[in-house]
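User: Could you take me through the packed inside of this model? I'd like a close look at the nonpolar core, and then whatever you can tell me about the pockets.

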Amino acid sequence: MTTTAALSTGERTAGRNDPGKAPRGRRPGRLRGIALPYLLLFPALLLELLVHLVPMVIGIVVSFKELTQFYLRDWGTAPWAGLDNYALTVDFDAPVGEALLKSFLTTCLFTVLSVGLCWLLGVAAAIFMQESFRGRGVLRTVFLVPYALPVYAAVITWAFMFQRDNGLVNHVLHDQLGLTDSAPFWLIGDNSFIALLVVSVWKGWPFAFLILMAGLQNIPREIYEAAALDGAGVRQQIRRITLPALRPVNQVLVLVLFLWTFNDFNTPFVLFGKAAPEAADLISLHIYQSSFQTWNFGTGSAMSVLLLLFLLLVTGLHLWFTSRGRKATDA
């Protein structure tokens with residue numbers, strides 16, 4: 001009996017140690033482990049395909065068609081226009097191209113000012129919040145309120161505040177402080193650009209504050225203490241320690257803010273309606289008007305494709321310059 005038990009034990013041991021014999025149950029489990037991440041990503045990839053890639057491809061196809069209101073019922077039968085829509089949009093001597101160029105320049109100016117102010121307020125608030133004081137948690141929560149509010153609710157509130165006769169802005173500036181001779185119009189005329197910029201900065205700077213505050217957490221406090229012992233003041237610490245340490249964060253933050261602001265449609269649409277004033281005619285709303293006001297979807301799609309190419313170009317140049325700077329720093 002002892003011999004039989006020893007033989008059976010030896011056979012089981014040999015079976016486990018035999019390299020030519022695959023262990024039972026391991027291969028299906030390993031396959032399931034490899035396939036599980038892809039199965040979990042499949043719904044997100046499918047939605048990404050349906051929500052972004054398919055409409056993008058359709059928009060590119062439409063940009064080569066002469067699609068107007070006469071072909072909306074069956075847009076596939078619209079005649080091909082070739083590059084005529086693109087030639088029309090880049091002909092800056094024609095009314096369509098001239099209006100698009102002016103909208104593009106307005107959007108560039110608006111984006112530079114909005115991103116710059118958002119970053120400046122964000123970095124100032126993030127540095128201020130690094131010091132411990134009573135009520136810091138409450139103040140931090142208040143700073144994040146504009147970012148947490150729904151865009152439509154926040155912009156509608158600002159639209160009421162910018163009303164000429166009964167808005168809060170004119171009540172404070174004109175009635176209370178007397179800074180203006182008469183109550184100005186904020187949602188029409190040249191002041192509409194200022195109103196749009198104020199709403200954009202108010203809505204966007206908490207995101208910059210949140211990202212920069214997270215980036216500051218990675219800077220050891222010992223570096224500031226050593227710099228203070230060496231006689232470095234607050235300005236020198238910010239210039240020599242804080243800003244260089246936040247450079248990777250700032251590179252990503254500025255790019256994200258640029259793309260969001262340059263391509264923003266909700267803010268001007270809710271603030272001004274379907275037709276924005278000329279001073280605040282951002283390119284996203286201009287493309288909407290060119291497509292859904294004039295019913296020339298081919299021209300509007302061509303403008304959208306050109307906008308996409310411009311944003312891709314800016315993103316590629318930004319990544320190229322930042323990678324070169326990173327390699328130069330490492331070298």
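Analyst: Here's the core, followed by the pockets and a word on the cysteines. First, some ground rules: this is a predicted model, where local features need pLDDT of at least 70 and side-chain atom pairs count only at pLDDT 80 or more, while totals for chains, interfaces and linings use all residues. Residues are numbered from 1 along each chain as its sequence is written, and side-chain values use heavy atoms, with hydrogens and water left out.

A nonpolar core here is a set of buried Ala, Val, Leu, Ile, Met, Phe, Trp, Tyr and Cys residues joined through side-chain atoms within 4.5 Å. Buried means under 20% relative accessible area, exposed over 50%, and partly exposed in between (1.4 Å probe, protein chains only). The largest core has 43 residues, and the members touching the most others are Phe162, Leu196, Phe209, Leu257, Leu271 and Phe272. Two or more residues each come from α4, α7 (151-161), α9 (191-216), α10, α12 (247-262), α13 (266-272) and α14 (283-292). Top contributor is α9, with 13 residues. Helices are DSSP runs (H or I, at least four residues), numbered from the N terminus.

Zoom in on Phe272: skipping neighbours within four places in sequence, Phe272 is in contact (heavy atoms within 4.5 Å) with Leu187, Ser192, Leu196, Pro277 and Ala280. Apart from the largest core lies another one of 8 residues, including Leu100, Phe258, Phe262 and Ile283.

Now the pockets. A pocket is an open set of points on a 1 Å grid over the protein atoms alone, where a 1.4 Å probe fits, with protein on both sides within 12 Å along at least five of seven lines; lining residues have an atom within 4 Å of a point. The largest pocket holds about 1400 Å³ of space. Its lining runs to 48 residues, with Asn263, Phe265, Ser284, Ser304 and Leu307 nearest the centre. Helix α15 (residues 297-330) gives the most to that lining, 10 residues.

The second largest pocket comes in at about 230 Å³. Its lining includes Ile127, Phe128, Arg221, Tyr224 and Val234. At least two lining residues each come from α4 (95-128), α10 (221-229) and α11 (234-245), and α11 gives the most, with 4.

As for cysteines, Cys118 counts as buried because its relative accessibility is 3%, whereas Cys108, at 22%, counts as partly exposed. The whole structure has 0 disulfides, a disulfide being a pair of cysteine sulfur atoms within 2.5 Å.

How values were computed:
Points joined across faces, edges and corners; volume = space filled by probe spheres on them.
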